[in-house]
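Trainee: Please take me on a close look at the ligand and its surroundings. After that, I would like to hear about the pockets too.

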Amino acid sequence: MIKLYRFGRPFATEAVVEALAPQPAETLPYFSVQNDGCGFSCELGKETAVYGLGEAIRGMNKRGWIYKSNCADDPSHTEGKHSLYGAHNFLLIAREKPFGVFFDYPGELIFDIGYTEMNTLQVSTKEANLDVYIIDGDGLEDIVRQFRRLIGRSYIAPKWAFGYGQSRWSYYSEDEVREVVRQHRENHIPLDMVYLDIDYMERYKDFTVNKKTFPQFQEFVQEMRQQNIHLVPIIDAGVKIEKDYSVYEEGVQNGYFCKKADGSPFVGAVWPGKSHFPDFLNQKVREWFGKKYAFLLRQGIDGFWNDMNEPAVFYSEDGLKNTFSELKKLEGQNLDMDKVNHFRGLVNDLSNNPEDYKSFYHNCDGKMVRHDKVHNLYGYNMTRAAGEVFEKLEPDKRILMFSRSSYIGMHRFGGIWTGDNCSWWRHLLLEIQMMPSLNMCGFLYAGADIGGFGDDTTADLLLRWTAFGIFTPLMRNHSALGTRKQEAYRFPEAMPALKKLIGIRYALLPYLYSEYMKAALRGNLYFRPLAFVYPQDKQAAEVEDQLMLGDELMLVPVYTQNASGRTVYLPEDMKLVQMRSVSDFTVETMEKGYHYVPAALDEVVFFIRSDRLIPLSYGGECVSQVDFNHLRLLGNVQTAATYQYYNDDGSSKDYENPAHFAEITMSADSRVSAKGDMCLQLESAL
Ligand code: MIG
């Protein structure tokens, strides 16, 4: 049961797809309202867990910290921070009678979850204009399912995008990309995608290709396709100010960029230097910018990643001017503590400065709306711009799209990656903890930069991260310019194991894809905290480093260095699977309780629940080589088990049309060996 309570006059974020009649605001349950609708507080029982918030730091249970919804380009994801790139204002309060709450508010919003007062949840906004949705239901999953229906179906990626992708900021030329592909193919490391970071563009201008380094782009895209590789270019939010650059010229002529109060377009610097920022909150601008992607689509590109769309602003023209004049005043002075701090701050505070976000406006149906009031909608609407146009240009073809910044609502148009993490063990754990929270907010096609983006990775971190990454829908190894090179083949000692681990991803694909599709089409969670599956089990509720995947698996990733295994908690008897390759694995039944499970660096370790089955393929070096109809079953069958297998052509969008998909119930009794050697030939031709 979902009810809407409207405060003031909310901005239409279009996060929600179902129109509900608002209830009187003063009847809002669970919360007491302060400050005329800018403050909401709710008492939490001592042991009440709070879930949700999507892309955020810290654990799955969000209690004990203060989070700020304020999409931020901050690559330092440490525990003391409050915001990451997304703003996902959905919470689940896991009381005896649980409820969900969505604060649909596009500006800065604070969730104080037992930070100021340990047993109080306090939510505050800058203005009392917002929609609050309260969702009651039969347990946490039911509440999530209702919420997901409210916000609309999650984005579905093409099947090839469930393969493995390699990326790095600094693939400068066709030849460098060719080399990456050659290394993978020659070493038989499976691969489906190579990502093109900003280096493919001409002077970091969107919708251009550097003619010197990628001279025959269209041919190159084809050449890669012949090797079963999809090239996935990046698109940045800022548009370079450069005479005769058509995107800039058209944007200025039509008034499509965000404007300052005086009507002139706002100038901020990003990679291309001084840039303007398309007013994505305006429908006409979305259509214009979205159509620009056709420049790449026409050349055979079928996937994109949208970056810098918080939007990141290194400095504004006005901010820089002001900084130089302030610096002048300090020249020659004795910089004592206060002054040195002021001096440092002048330069450090130039980036992503809140004052800049107050200095430009969006044209929303003729009304000028100051950016900071709708800040969290910018990345959402950049991605929506592309999504809406793709719908028109390619109504029946899935195009890969994921974004850095997001708001709930964007999940209908693309996935997300979790931005600039670091090659830190702690960030592997952070990803594990973030994935189910993202799913609750509708983001299913998600993943982190495997191996870590910033700082230098190590072979063991890359192995452990890959062993977890094989389960995330978006599986991409990405690293920053200047860091240690991170492709699997750069680690000769680890490569044989990395190759096998990635191979396991391809063996698991029929299962993972089936689970993804069921999650997207039915509003299920792909990843769940243990607490969702075992609500009565107090120990399970405290587990922050294991995940349920679908109804079948429990993942127990190793995320600490120099460990030869880890302690796991089993809420029920399960079967341990230690997998070294598609055909080399051992299984062992374990009883409910705590166990130490050995996990070598070259192994994936997970559990199968009792009386469950999963389908496995025979593998492949790219998704198109994987046979989704010729399967083996891996099971933990005590008496009998069934699995609901979903498969489709992986490219069309006609999800409801039975001609495009098949759903098959597989069943097995206890005669099926847990080794998974039962073959199954599916008759349906897909
Ligand atoms: O400020 O395009 O998160 O994945 O490699 C850095 C360069 C800009 C940030 C993205 C990252 C990408 C990088 N970009």
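Mentor: Happy to! Let us count Ala, Val, Leu, Ile, Met, Phe, Trp, Tyr, Cys and Pro as nonpolar, Asp, Glu, Lys and Arg as charged, and the others, Gly among them, as polar. By that scheme, the shell around the ligand holds eight nonpolar residues, one polar and four charged. The model is predicted, so to speak of local features a pLDDT of at least 70 is needed, and 80 or more for side-chain atom pairs, while totals for chains, interfaces and linings use all residues. Numbering runs from 1 along each chain as its sequence is written, and side-chain values use heavy atoms, without hydrogens and water.

Around the ligand there are 13 residues (a heavy atom within 4 Å). Asp197, Asp307, Arg404, Asp420 and His478 come nearest. Three side chains among these make polar contacts (N or O atoms within 3.5 Å). An N or O atom in the side chain of Asp420 sits 2.5 Å from a ligand oxygen. For His478, an N or O side-chain atom is 2.9 Å from an oxygen of the ligand, while Asp307 places one 2.8 Å from a ligand nitrogen. On its own, the ligand has 360 Å² of accessible area (Shrake-Rupley, 1.4 Å probe), and the protein covers 96% of that.

Now the pockets (open sets of 1 Å grid points over the protein atoms alone, where a 1.4 Å probe fits, with protein on both sides within 12 Å along at least five of seven lines; lining residues have an atom within 4 Å of a point). The largest has about 850 Å³ of space (filled by probe spheres on the points, which are joined across faces, edges and corners). Glu47, Thr48, Ala49, Ala94 and Ala541 lie nearest its centre, among 26 lining residues. β4 (49–52), α14 (530–533) and α15 (538–541) each give two or more residues to this lining (DSSP runs numbered from the N terminus: helices H or I of at least four residues, strands E of at least two). The lining splits into 11 nonpolar, seven polar and eight charged residues. Because domain 1 (2–151) and domain 2 (522–684) both contribute, this largest pocket lies between them (bounds from an automatic or database assignment).

The second largest pocket offers about 680 Å³. Its lining has 28 residues, with Phe11, Ala12, Cys364, Lys367 and Val369 nearest the centre. Two or more residues come from each of α5 (283–292), β20 (361–364), β21 (367–370) and α10 (378–393), and β21 has the largest share, four residues. Here the lining divides into 12 nonpolar, six polar and 10 charged residues.

Key: A polar contact is a pair of N or O atoms within 3.5 Å; within protein, one must be able to donate a hydrogen and the other to accept it, and residues adjacent in sequence count only if both atoms are side-chain atoms.
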